[in-house]
Amino acid sequence: MLYTTPPEELGSFLGDEPRYRADQLRQWLYQDFVLDAAEMTNLPKPLRHELSTKLWPFAVEVSQEGDKGRTRKWLFRAPDGASIESVLMGYNDRTTLCISSQAGCAMGCTFCATGQFGFERHLSAGEMVAQVAYANAHLKAHPMDRSPQRVTNVVFMGMGEPLANYTRVEEALRRMIDVVDMSARSVTVSTVGVVPGMRRLAATSWQIGLAVSLHAADDELRSTLVPLNNRYPLADVIDACREYYDHKGRRVTIEWALMKDTNDSEEQAMKLAAIANDLRAHINVINLNPTPLTDEQPADRPTLEAFMVTLEAEGANATLRATRGQDIDGACGQLRSRVTEQLITIEPNPA
Ligand code: SAH
Ligand code: SF4
């Protein structure tokens with residue numbers, strides 16, 4: 001498959017074609033973006049025909065749109081059956097794609113739909129970059145209102161724990177930065193706290209953003225929500241955040257999904273603010289997206305507001321994030337959970 005072959009080795013698809021064909025093909029795959037190889041107009045027709053079944057390493061199983069086309073979500077299916085989800089979100093100043101780094105996830109966080117499914121397999125670097133390329137090709141064919149017509153930002157916040165798939169994620173980052181020419185600063189890796197991976201990423205030369213999913217500000221509570229906390233407790237995660245900040249000079253983002261009667265207390269807010277202030281981190285609070293497989297519920301509106309007021313009073317730098325695409329199962333792993341469980345029937349809705 002074209003995207004699962006390193007961009008430097010595309011010649012292997014081209015037989016006796018002249019060498020410049022590899023550059024033309026690379027241009028189509030990583031700069032110009034087309035949904036179908038038939039659109040690669042400077043390649044000979046028989047070659048286009050031959051490449052057409054080799055373009056995408058997955059089929060589009062479900063395609064959904066919400067927020068008047070400014071949120072688009074795809075569930076892709078690899079030939080071996082592995083599922084891959086991506087969500088595209090248009091804003092006025094940027095177009096952000098949320099990509100998956102694994103099919104499923106082995107981390108088992110209690111509030112997360114992906115975590116409840118367990119682990120299928122790692123995604124390859126090419127499968128990660130192909131999600132970006134597909135979104136770009138889709139944007140070209142179906143422009144979005146009032147947003148950049150190209151993916152400007154990538155966040156590793158779809159399915160999977162990117163730092164548990166470190167080597168392939170690092171190669172995907174290399175291709176996004178060096179081959180797609182994305183700015184490292186506009187790419188964010190989100191982790192539940194895989195400390196060795198955080199340290200390896202800190203040691204790279206890229207100005208990649210790091211988001212850390214904390215969700216609890218002491219070990220006792222965190223271990224009940226995030227099983228990995230038993231292996232890498234909070235103090236180690238915080239230490240790795242500090243190292244990241246020291247190496248990159250970039251503020252780390254702390255992610256906090258607010259759950260009713262679980263982590264929405266004033267006490268947690270105070271402890272969270274202390275951690276964030278110490279790290280000079282930014283806090284992103286998002287109210288939980290309820291998923292069919294867990295008991296956790298989103299916080300009530302007044303509690304949520306009180307939580308934000310406490311953070312602010314403590315001098316922490318915090319933003320309440322609106323959830324995008326709730327009408328299309330925008331949260332982590334939710335589209336697949338619906339499809340797999342057949343709780344509701346979704347008709348494919350090609351944009
Ligand atoms: N494994 C990585 C990245 C994927 S999850 C991580 O955990 O950081 C991306 C983000 O979605 C994480 O911050 C995660 O905690 C959050 N998340 C998972 N389930 C959620 C839910 N039901 N509602 C809101 N956020 C959720
Ligand atoms: Fe995996 Fe992240 Fe979900 Fe936890 S929150 S189960 S690490 S995808």
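Okay, so when I say helix today, I mean a DSSP run of H or I that is at least four residues long, with numbering from the N terminus. With that in place, let's look at helix α8, residues 234-248, where Asp239 and Arg242 sit 3 residues apart, about one turn of the helix. Bear in mind that this is a predicted model.

So what do those two side chains do? Asp239 forms a salt bridge with Arg242, and the closest N and O atoms are 3.4 Å apart. Are they buried or exposed? Well, in between: Asp239 has a relative accessible area of 37%, so partly exposed, and Arg242 comes out at 30%, so partly exposed too. And they aren't on their own, since salt bridges that share partners tie Arg199, Asp239, Arg242, Glu243 and Asp278 into one network.

Staying with α8, let's bring in its neighbour. Helix α6, residues 195-203, packs against α8 with the axes 9 Å apart and an angle of about 5°. Anything under 35 degrees counts as roughly parallel, so that's what we call α6 and α8. Who makes the contact? From α6 we have Val195, Met198, Arg199, Leu201, Ala202 and Ala203. From α8 there's a longish list, including Asp236, Val237, Asp239, Ala240, Cys241, Glu243 and Tyr244. By class, that contact has 9 nonpolar, 1 polar and 5 charged residues. And yes, you heard some of those names a minute ago: Arg199, Asp239 and Glu243 are in this contact, and they're also members of the salt-bridge network.

Next, another helix pair, α9 and α10. α9 covers residues 266-279 and α10 covers residues 301-313; their axes come within 9 Å and cross at roughly 35°. The crossing is right-handed. On the α9 side, the residues are Glu266, Gln268, Ala269, Met270, Leu272 and Ala273, and they meet Phe307, Thr310 and Leu311 of α10. Sorted by class, this one has 6 nonpolar, 2 polar and 1 charged residues.

Now back to charges, this time over in the strands. How many salt bridges does the structure hold? The count is 18. Let me show you two that link distant parts of the chain.

Here's Glu85 with Lys73, where the closest N and O atoms are 2.7 Å apart. Glu85 is in strand β3, residues 83-90, while Lys73 is in strand β2, residues 71-77, and the two are 12 residues apart. Have a look at the accessibility, too. Glu85 is at 4%, so it counts as buried, and Lys73 is at 0%, so it's buried as well.

Then there's Arg121 with Asp80, a salt bridge at 2.6 Å, N to O. Arg121 belongs to strand β6, residues 119-122, and Asp80 is in the loop between β2 and β3, which puts them 41 residues apart. Where Glu85 counted as buried, Asp80 counts as exposed, at 53% relative accessibility. Its partner Arg121 is partly exposed, at 22%.

Last stop, Arg21, up in helix α1, residues 20-32. Buried or exposed? At 12% relative accessibility, and with the cut-off for buried being under 20%, Arg21 counts as buried. What does Arg21 touch? Leaving aside residues up to four places away in sequence, its contacts are Leu14, Asn42, Leu43, Pro44 and Leu47.

That's my tour, thanks.

Notes:
Residues are numbered from 1 along each chain as its sequence is written. Chains are lettered from A and ligands numbered from 1 in the order in which they are written. This is a predicted model: local features need pLDDT of at least 70, side-chain atom pairs count only at pLDDT 80 or more; totals for chains, interfaces and linings use all residues. Side-chain values use heavy atoms; hydrogens and water are left out. A salt bridge is a side-chain nitrogen of Lys or Arg within 4 Å of a carboxyl oxygen of Asp or Glu. Buried means under 20% relative accessible area, exposed over 50%, partly exposed in between (1.4 Å probe, protein chains only). Contact means heavy atoms within 4.5 Å. Axes are lines fitted to C-alpha atoms, for helices over the stretch in contact, and angles run from 0 to 180 degrees between N-to-C directions. A crossing is left-handed if the near helix is turned anticlockwise from the far one by less than a right angle, and right-handed if clockwise. Ala, Val, Leu, Ile, Met, Phe, Trp, Tyr, Cys and Pro count as nonpolar, Asp, Glu, Lys and Arg as charged, and the others, Gly among them, as polar. Angles under 35 degrees count as roughly parallel, over 145 as roughly antiparallel, 65 to 115 as roughly perpendicular and the rest as oblique.
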